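Thanks for making time this morning. I would like to walk through one structure with you, going from its backbone to its charged pairs, then its cysteines and its surface.

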Amino acid sequence: MPTWNKESLRRLVQREMGEYRLIVVSNRQPYIHEIIEGELRYAVPSGGVTTALDPIMQECGGTWVAYGGGKGDWYAVDDKNRIMVPPDDPAYTLRLVWLTEEEEQGYYDGFSNAALWPLCHNAYTEPVFNLDDWETYKSVNREFAKQVLDEIGGQPAAVFTQDYHLAMLPRLIREADPDIITGQFWHIPWPNPEIFRICPWQDELLDGLLGNDMLGFHIGDHCNNFLDTVSRTLKSRVDHEYSRINYKDELTVVRPFPISVDFERINQDAQGQYVDEEMDRLTDELNLGGKVVGLGIDRIDYTKGIPHRFRAMGRFLEKFPEYIGKVVLVQAGVISRIQVDAYQQLSAQIEELLEEINGKFGRDGWQPIIYMPTDLPDLTLMALRRMARFCVVSSLHDGMNLVAKEYVASRFDEDGVLILSPFTGAALELTDALIVNPYAIEQFADAIHQAVEMPQEERRWRMVQMREIVRENNIYKWAALMVEDLMQGARRSRRPVRTR
Ligand code: GDG
């Protein structure tokens with residue numbers, strides 16, 4: 001089977017979708033507009049969902065409906081709240097939904113990020129269930145549904161919803177127009193029923209999600225947890241063998257689709273002409289000459305195990321003091337969701353640990369951890385990946401983790417060591433990483449030691465194997481298998497799909 005690429009995905013979409021329009025719906029927009037010094041500028045927000053879907057929309061066209069969160073968005077769109085994107089090379093339509101500050105707070109900061117996010121991640125942060133937030137979550141889902149239906153205008157369409165912000169959307173769409181094909185991808189883990197049942201509104205959430213013809217998760221464990229949750233909660237027939245649910249006489253198939261990255265593009269970008277210059281600049285600016293560089297890139301989130309990583313770095317230097325002054329961990333990534341209490345506590349904890357570890361080991365202008373919590377340009381992130389002898393992904397729980405796959409895709413030199421938490425979806429594929437439990441500080445410190453001392457030949461063969469896997473299981477394969485499953489499943493189960 002040849003490797004999936006842009007062209008083969010485009011052919012598959014044309015064949016499978018026929019006259020159906022593709023509508024992607026997500027909370028976050030792929031391009032955000034701001035007014036900077038009186039001028040309208042756009043930026044690409046960071047985060048896994050947009051990183052994965054934008055290249056697909058660029059190939060396949062269609063409409064992406066999302067919340068317009070940028071201060072300049074209103075000035076960028078037409079009277080239907082639409083704009084063609086990417087701004088430099090338009091390929092698909094972006095349609096924005098406006099929310100008030102109160103709506104954003106209740107739906108996004110509140111129910112999505114203070115309730116559902118901790119509920120679905122085993123990171124020992126207690127979910128906050130607030131009735132007003134829940135009501136706002138539902139009313140915002142209704143607003144999204146209204147905009148999506150207006151965009152579709154009664155034409156044949158397949159709506160592909162993204163993530164946990166929009167769990168109620170599929171049911172609303174199906175109730176309004178049962179001919180619309182509905183699929184959803186849940187980008188975060190799904191917990192077991194024992195955990196999920198603490199949600200006071202679990203029945204309604206599940207009812208919303210079962211408005212989908214197809215529901216995708218990253219890995220089989222999350223699919224099984226979802227099937228178990230439904231069978232314990234709703235009156236339904238759950239078929240574990242074929243991984244499908246019959247509820248209200250409608251079928252939902254539940255499938256694993258491990259998400260990935262655009263391997264070829266990252267591999268090319270890593271060889272771009274400015275990357276070497278940027279590596280030189282960073283070496284000077286951060287005083288990295290002659291040092292072994294370790295790297296972390298994460299949204300600053302309590303699921304990513306950043307404090308665990310810092311403590312492991314401290315323990316590594318305690319156990320192997322010969323590396324004091326010789327190894328540096330660069331931690332990059334944007335501060336996120338700072339309106340939510342748990343994120344403010346995380347930021348404070350990180351600052352404290354930095355002070356403690358850098359204070360204890362730092363000397364003569366050298367510090368063991370360089371913390372850069374800002375939105376760094378892609379070029380800088382790429383240069384850091386290229387410079388890093390090892391990259392640390394220490395999530396306490398993570399649906400997939402694209403940072404791990406991006407690191408592998410950018411190492412065209414077949415060098416570098418990936419230290420990877422077993423609690424990521426990525427660990428099922430990248431078995432040649434050094435897999436280490438982030439809670440086990442001794443093993444974690446030893447893994448850093450092993451990464452630093454690993455002979456070049458071993459680094460090479462491990463990296464070669466991991467690159468083959470990411471090259472093969474790339475983002476186009478993720479999209480192709482899902483579109484195929486969604487359209488063929490709908491064709492088989494509840495209605496004829498119109499083809500050209
Ligand atoms: C969710 C799931 C799943 C990070 N910091 C910066 C930056 N990034 C980019 C990374 C990567 C993306 O953001 C993060 O993706 P992840 O997969 O690591 O994590 P989540 O945002 O939590 O995503 C996750 C994903 O959805 C996809 O399904 O893998 O499990 O939690 O691309 O490189 N990019 C920029 N500046 C930063 O500071 N520009």
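Let me begin in the loop between strand S5, residues 82-85, and strand S6, residues 92-97, which is where Pro-86 has its place. Please keep in mind throughout that this is a predicted model. The peptide bond that joins Val-85 and Pro-86 is cis, with omega at about -10°. As background, most peptide bonds are trans, and most residues other than glycine have a negative phi.

That second point leads to two further loop residues. Lys-248, which is not a glycine, has a positive phi of about 50°, and its place is in the loop between strand S11, residues 244-247, and strand S12, residues 250-256. Glu-414 is another residue other than glycine with a positive phi, in this case near 60°. Glu-414 sits in the loop that runs between helix H15, residues 402-410, and strand S17, residues 417-420, and with a relative accessible area of 29% it is partly exposed.

Now to the charged pairs. Side chains of opposite charge can pair when their charged atoms come close. How many salt bridges does a search of the whole structure find? The search returns 46 salt bridges, and I will take three of them in turn.

The first pair on my list is Glu-151 with Arg-21, a salt bridge in which the closest N and O atoms are 2.9 Å apart. Since Glu-151 lies in helix H5, residues 131-152, and Arg-21 lies in strand S1, residues 21-25, this pair ties together parts that are 130 residues apart in sequence. Glu-151 counts as buried, at 6% relative accessibility, whereas Arg-21 is partly exposed, with a relative accessible area of 28%. The two also belong to a network of salt bridges that links Arg-21, Lys-80, Arg-82, Arg-95, Asp-150 and Glu-151.

The next pair is Asp-485 with Arg-255, where the closest N and O atoms of the salt bridge are 3.3 Å apart. Here Asp-485 is in helix H18, residues 475-493, and Arg-255 is in strand S12, so the parts that the pair ties together are 230 residues apart in sequence. Asp-485 counts as buried at 17% relative accessibility, while Arg-255, at 23%, counts as partly exposed.

The remaining pair, Arg-471 with Glu-468, is a salt bridge whose closest N and O atoms are 3.3 Å apart. Arg-471 and Glu-468 are three residues apart in helix H17, residues 456-472, and therefore about one helical turn separates them. Arg-471 is partly exposed, with a relative accessible area of 26%, and Glu-468 also counts as partly exposed, at 44% relative accessibility.

Let me turn to the cysteines. A disulfide is a covalent bond between the sulfur atoms of two cysteines. Searching the whole structure gives zero disulfides. Why does Cys-223 have no bond to the closest cysteine sulfur? The closest cysteine sulfur is in Cys-120, and because it is 13 Å from the sulfur of Cys-223, it is too far for a bond. As for their surroundings, Cys-223 counts as buried at 2% relative accessibility, and Cys-391 is buried with a relative accessible area of 1%.

Burial also describes one helix. In helix H8, residues 202-209, six of the eight residues are buried, so the helix is largely enclosed by the rest of the structure. The buried residues in H8 are Gln-202, Leu-205, Leu-206, Asp-207, Gly-208 and Leu-209.

Finally, the surface, where I have two patches to show. Ile-35, Leu-40, Trp-74 and Tyr-75 form a nonpolar patch, and together they have about 480 Å² of accessible area. Within that group, Leu-40 has its place in strand S3, residues 39-43, and it counts as partly exposed at 42% relative accessibility. The other patch carries negative charge, and it gathers Glu-351, Glu-352, Glu-355 and Glu-356 on the surface. Glu-355 lies in helix H13, residues 341-361, and it is exposed, with a relative accessible area of 66%.

That is where I will stop, and I am glad to go back to any of these views.

Definitions and conventions:
Residues numbered from 1 in each chain as written. Predicted model: local features only at pLDDT ≥ 70, side-chain atom pairs only at ≥ 80, totals over all residues. Heavy atoms only, no water. Patch = residues over 30% accessible without salt bridge, like charges linked within 9 Å, V, L, I, M, F, W, Y side chains within 5 Å. Areas by Shrake-Rupley, 256 points an atom, 1.4 Å probe, with all protein chains shown as cover. Salt bridge = Lys/Arg side-chain N within 4 Å of Asp/Glu carboxyl O. Lys, Arg positive; Asp, Glu negative; His and termini not counted. Charge placed at Lys NZ, Arg CZ, Asp CG, Glu CD. Helix = DSSP H or I, 4+ residues; strand = E, 2+ residues; numbered from the N terminus. Buried < 20%, exposed > 50% of the residue type's maximum accessible area, 1.4 Å probe, protein only. Disulfide = S-S within 2.5 Å.
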